[in-house]
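Q: I am new to reading protein structures, and I would like some help. Could you take me through this one feature by feature?

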Amino acid sequence: IAITVMIGADVSIIGDTVLCIGDLTQLFASQNGTWSSSNPLLASVNNLGVVTALNGGQVYFTFTSDSGCVSNPTSIITIHNKPITTFTGNINLCLGQTINVSPNINGTWISTKPLIASITNGGLITALNPGSAKFIFTSSITGCLSDSNIQIVINAPPVVVLHGSNQLCIGQNAQVSPTTQGIWVSSNPAVLSVTNSGYITAFTAGVSNLTFISSTTGCSSSV
C-alpha cells in the first residue's frame with residue numbers, strides 16, 4: 001500500500017505586521033485553499049489573504065490547502081486601538097473662544113477646517129470663523145489615528161445696528177437692533193440705559209458701550 005504524504009502550504013505576511021483598527025495587510029500562501037484567523041473578532045481574512053484589523057490585540061493566521069493540509073501559523077500581527085479623544089465644554093463656540101481636548105501629549109492634532117477652527121498639539125481649539133470643524137489625533141506611539149468624533153460649531157456674532165447718531169443729548173432716545181432673541185447690556189447704565197427691545201435713553205454726560213447677547217447662540221456684538 002502506497003501512502004502519499006502531502007505538505008501544507010508555505011505561508012507568510014507580505015504586508016505590515018503592525019496595524020491600526022481599519023488597516024489592511026496581505027498574506028501569501030503557496031497553494032490554493034482557505035485562510036483562517038486565530039481570533040476573528042480581532043482580524044478577519046478572506047480567501048485572497050487580505051486581512052482587516054477590527055480590534056486591538058494580537059492575532060495569527062493558518063491556511064488550509066485544498067488537499068486538507070493545514071499550514072504552520074503565520075507570525076503574529078499586532079493591532080493597536082485608535083487613540084481615545086475627549087473634550088469638556090460647549091461644542092458651540094463664538095468667534096475667539098477656546099476649548100481644550102485631550103490627549104494633549106504623545107501625538108499631533110489636525111483640524112479638518114483650519115480656517116474655521118485651529119488646534120494646537122496641546123489640544124487647544126480656537127474658533128476663528130463661522131462654520132464647523134472636526135479634529136483628528138495621531139498617536140506618536142502607535143501611529144494610529146483617532147476617529148473624527150469631535151465636531152465644533154462656530155457661530156457668527158449677531159449683527160447689531162445703531163439707528164441714528166452715536167451722539168445723544170441728555171433725555172434723548174435712540175434705537176438699536178436686534179429687538180428680539182437676546183438681551184442688551186449697557187456698560188455704563190448711569191449714562192445710558194437700553195431695554196432688551198433696543199430702546200436707548202440718555203441720562204447724563206459720559207460714554208457707554210452697548211452689547212447684544214444672542215439667546216440663540218450666546219454670542220455677542222457691541223455698538
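Q: In which sense do strand β3 and strand β6 pair, and over how many bridges?

A: Before we start, this is a predicted model, where local features need pLDDT of at least 70, side-chain atom pairs count only at pLDDT 80 or more, and totals for chains, interfaces and linings use all residues. Residues are numbered from 1 along each chain as its sequence is written, and side-chain values use heavy atoms, with hydrogens and water left out. Now the general idea: strands of a sheet pair through backbone hydrogen bonds, either parallel or antiparallel. Here, β3 (residues 24-29) and β6 (residues 50-53) are antiparallel, with three bridges between them. One residue pair to look for is Q26, whose bridge partner in β6 is V50. Two terms help here: strands (E, at least two residues) and helices (H or I, at least four) are DSSP runs numbered from the N terminus, and two strands pair if DSSP finds at least two bridges between them.

Q: Which sheet do β3 and β6 belong to, and in what order do its strands come?

A: They sit in an open sheet of four strands, ordered β1-β3-β6-β5, with antiparallel pairing. The edges are β1 (11-13) and β5 (43-45); each has a single partner strand, so one side of each has no neighbour in the sheet. On average, neighbouring strands of this sheet are turned by 25° against each other, direction ignored. For such angles, axes are lines fitted to C-alpha atoms (for helices over the stretch in contact), and angles run from 0 to 180 degrees between N-to-C directions.

Q: What is the order of the strands in the open sheet that holds β18 and β21?

A: The order is β18-β19-β22-β21, four strands with antiparallel pairing. At the edges stand β18 (161-163) and β21 (192-194), each with a single partner strand, so one side of each is left without a neighbour in the sheet. The partner β19 (residues 173-177) runs antiparallel to β18 and is joined to it by three bridges. In β19, S177 is the bridge partner of V161.

Q: Along strand β13, which side chains are buried?

A: The side chains alternate along β13 (residues 107-111): G107, W109 and S111 point to one face and are buried, whereas T108 and I110 point to the other and are not. Buried means under 20% relative accessible area, exposed means over 50%, and partly exposed is in between (1.4 Å probe, protein chains only). This strand pairs with β16 (residues 131-139) in the antiparallel sense over five bridges, and S111 has F135 as its bridge partner in β16.

Q: How many disulfides are there?

A: A disulfide is a covalent bond between the sulfur atoms of two cysteines. By the rule used here (a pair of cysteine sulfur atoms within 2.5 Å), the count is two. One joins C20 to C144, with an S to S distance of 2.0 Å. Its torsion about the S-S bond is about -95°, so this disulfide is left-handed. C20 lies in strand β2 (residues 18-20) and C144 in the loop between β16 and β17 (150-155), 124 residues apart. The other disulfide joins C94 to C219, also with S to S 2.0 Å. The torsion about that S-S bond is about -100°, so it is left-handed too. Both C94 and C219 are buried. With the bonded cysteines numbered in sequence order, the pairing is 1-3, 2-4.

Q: Where are the cis peptide bonds next to P103 and P178?

A: The bond from S102 to P103 is cis, with omega near 10°, and P103 lies in the loop between β12 (98-102) and β13. Another cis bond joins S177 and P178, with omega about 10°; P178 is in the loop between β19 and β20 (182-186).

Q: Which residues lie nearest the centre of the largest pocket?

A: Rolling a probe the size of a water molecule over the atoms shows where empty space is left. In the largest pocket, N166, Q167, L168, L192 and S208 lie nearest the centre, out of 20 lining residues. A pocket is found on a 1 Å grid over the protein atoms alone, as an open set of points where a 1.4 Å probe fits, with protein on both sides within 12 Å along at least five of seven lines; lining residues have an atom within 4 Å of a point. The space in this pocket is about 360 Å³, a volume being the space filled by probe spheres set on the points, with grid points joined across faces, edges and corners.
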